[in-house]
Amino acid sequence: MNTTALEKIQAAFPDAICKVALDSVVINVQPENLEPTLSRLKNDPDFNCTLLADVTAIDYLEYPKHQGPRFSVVYTMRNWEDNLLLQVKTPVADPEVGVSSAAHLWGAALWGEREAYDQYGINFQGHPDLRRILNHWQFKGHPLRKDYPIEKRQICYETDSLEPEIRARLAKKGVDDQTLKDINTEVMFLNLGPSHPATHGAIRILTALDGETILANVNEIGYLHRGFEKNSEKMTYNQIIPMTDRLNYCSSMINNIAYVKAIESWLGVTITERAQFMRVVLTEFYRVLDHLVCISAAFVDIGGLTGYWYLYNEKEAAYDFISRLTGARLTSSFTRVGGMYRDFYDGWKEDMEHHIKTIEQGIDDALTLIAANRILHDRTQGVCVISGETALSYGVTGPVLRASGVPYDLRKDAPYYNYESFDFEIPVGSTGDIYDRFMIRFFEMKESISIIRQAMKSIPEGPINVTDSQVVLPKKEDVYSNIEGLANHFKLIFEGVKTPPGEWYDAFEAANGELGFHFVSDGSGKPYKLKVRPPCFYTMGAFHKMVEGNMIADAVINLSCINIIGGELDR
Amino acid sequence: MALGLEANLGDTVITTNLDVVVNWGRQYSLWPFVFGTACCAIEFMSAAASQHDVSRFGAEVVRFSPRQADLMLVCGTITYKQAPILKRIYEQMPDPKWVIAVGACASSGGIYNNYCTVQGIDTIIPVDVYVSGCPPRPETILDALIRLQDQIKGESILKDRHKDFKGILD
């Protein structure tokens, strides 16, 4: 981040203490100034932070030499047009009293604040629906507080009814009790999931229907909340890499890369040229695979099984390449802090070229099936529309946001790994309907394949790891033959890569959108806190905005085309 | 070559044991219900797709309604929030029914030893076959299917299975 952004913000908020952390400017405000600050950042055209990326809290109970209140709340937001990344941080004196909510400014705060409440027990005054989101309703306590024991399990005996929530939503849409009772306008409640073929995992969608039209919709997530963030606090930085595979298991490599990139940025480590090119090739390859799974599953939901075979078989074939490279089909764990686990094998270029060629063939076959397909067009065009403005407000990123006409892509707007030197386009939709979300992925796959080809042409030879002994393990022959190598190895494995104390947020353009990692480090080899900003979470938070007013059958295909992956949705 | 009574009956009647003929039918026409929650479900998709093709083992009729299935494949992590739903769906399946715990999470909680993850689905419902791996390769899922078929071969149709099972939600 350049100093001009800091100066500009410090000048605008003279009372606040502003600091730079990586690419972001952190504004420390007092709780009473929180609401005015946020509202100015959102509404003042000088800042114009239309995208609220994330909301989280920090518990400083065990943080060494911490002064001040135990909890803090952090809002992360962006002005994507000017590449301005801001974090507003405020101390929370009493979590019961909490801070004022930002739900009236951004739709994304609705779910973001609910999560901070669920995990840390921070109250947000003025939040319209502050209840648990990831943990079940019978849960007592707040698991990410440092004094909550990780193995304290709580059994859930019954599923939440969600009836008050759907009735409140109906009332908001102008359906009163009188209409509900009227036999001619009888409203039917229909529940999809959390174990339903259309939900692609474990999501619960509750709808109130008038005939087949959705009047109101409430969604429940957290069925796959498996404590990634709490577990991470007990592991060294490199030990967490296999856990990141399981966030988005359709594109595990992208998670590996995004995660280590966040740590390397904070350490100030610049990885080797070859490693950068490897990461670009693999990211784009996995982006293609992720989109293939999404589209093929959407084909199944739409009733076009042929499209599924054309696309899924190519993905299945690509697993041969991945197993040969990483040793695993799905969970790659292929990066390390400071570089990569292994180099490419001999002859990888031929294999890669073969796979992208067959994938291109599959894409073209599938596109021929749908290009003039009246059924598909009628079912998807003009259906479940979301405007660019609403999508931004709800924190939607990635292909879904671009389908709504907002060309926000971190690869263009805040490039890393030489993305600025590649020749590629950002496809943008015109209406923000299901058709656009569907087609955007097709075009993105073509762009990604083009990036892979360019990178394959210019990938340099050379080492794949940096030579810093504080970051990367020594060579095996050193470990076995001299004491320095052995001690170095021992310390890195047992204590982990030590990061300087501090807090930072780093983002990556994953297949589904902005994948961010928010770290708090106390200087040790394990993160004090690790919060993931998953793209799916906020996309799902806008789901009701897309489906209300549409048919129930449209909600099913809408869910498949926004590509919700349970692992990163619930973590 | 028929040597006993069958030799006198020509090719019209076969005598057999009721267990054998019923189990023969059951073991080669398992109808799976996939309780897919996480990564393992993606590998089940691969097991069902062309290359590995689960239909070679007679189990390709994947049902999305528990009432039409007799094999439950639990593919993925089960959390305490999900547990009551798993139990209810298991109860909706008609007898006889079998359960395969696919992958480390379903078998034991896997790498998620924490506040929200059930440490093995056998604390909630009875399990017949456990599959290791995180996630298991499609071949391993097919292997589990063959093992289950072997197990079914040896069962008796007169005995109730898992009558005394008691899980944490019972």
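A residue is taken as buried here if 20 or more other C-beta atoms lie within 10 Å of its own, and as exposed if 12 or fewer do. With that in hand, and bearing in mind that this is a predicted model, helix α2 of chain A makes a handy starting point. Its buried residues are Leu34(A), Thr37(A), Leu38(A), Leu41(A) and Lys42(A). Looking down the axis of α2(A), these buried residues fall within an arc of 125°, so they line one face of the helix. Over on the other side of α2(A) sit Glu32(A), Pro36(A) and Asn43(A), which are exposed. The cover over the buried residues of α2(A) includes β2 (24-28), β4 (71-79), β5 (84-92) and β6 (99-100), which also belong to chain A. As for its length, α2(A) runs over residues 31-43, 13 residues in total, and spans 19 Å from its first C-alpha to its last, close to the 18 Å expected at 1.5 Å a residue.

Stepping back to the whole of chain A, the domain assignment gives domain 1 (3-125) and domain 2 (236-466 + 558-570). Their C-alpha centres are 30 Å apart. Where the two domains touch, domain 1 of chain A puts in 11 residues and domain 2 of chain A puts in 9. On the domain 1 side, strand β3 (residues 51-59) of chain A gives the most, with 3 residues. Sorted by class, that side of domain 1 has 7 nonpolar, 3 polar and 1 charged residues.

Then there is the contact between the chains, which takes 39 residues from chain A and 33 residues from chain B. On the chain A side, α6 (228-232), α10 (305-326) and α22 (566-570) are the elements that give two or more residues. Of these, α10(A) gives the most, with 4 residues. The class breakdown for this side of chain A is 16 nonpolar, 14 polar and 9 charged residues.

Finally, the nonpolar core. The largest one has 225 residues, and those with the most contacts inside it are Phe44(B), Met72(B), Leu73(B), Val74(B), Ile100(B), Val102(B) and Ile121(B). Helix α9 (residues 273-302) of chain A nonetheless supplies the largest share of this core, at 18 residues. Both domain 1 and domain 2 of chain A feed into the core as well, with at least three residues drawn from each. For a closer look at Val74(B), set aside its neighbours within four places in sequence: Val74(B) is then in contact with Phe35(B), Val99(B), Ala101(B), Val102(B), Ala106(B) and Ile121(B). Two of these partners, Val102(B) and Ile121(B), also appear among the residues with the most contacts inside the core.

Technical notes
Residues numbered from 1 in each chain as written. Chains lettered and ligands numbered in written order. Predicted model: local features only at pLDDT ≥ 70, side-chain atom pairs only at ≥ 80, totals over all residues. Core = buried A, V, L, I, M, F, W, Y, C linked by C-beta atoms within 7 Å. Domains from an automatic or database assignment. Contact = placed C-beta atoms within 7 Å. Nonpolar A, V, L, I, M, F, W, Y, C, P; charged D, E, K, R; others polar. Expected span 1.5 Å × (residues − 1). Arc of directions from axis to C-beta.
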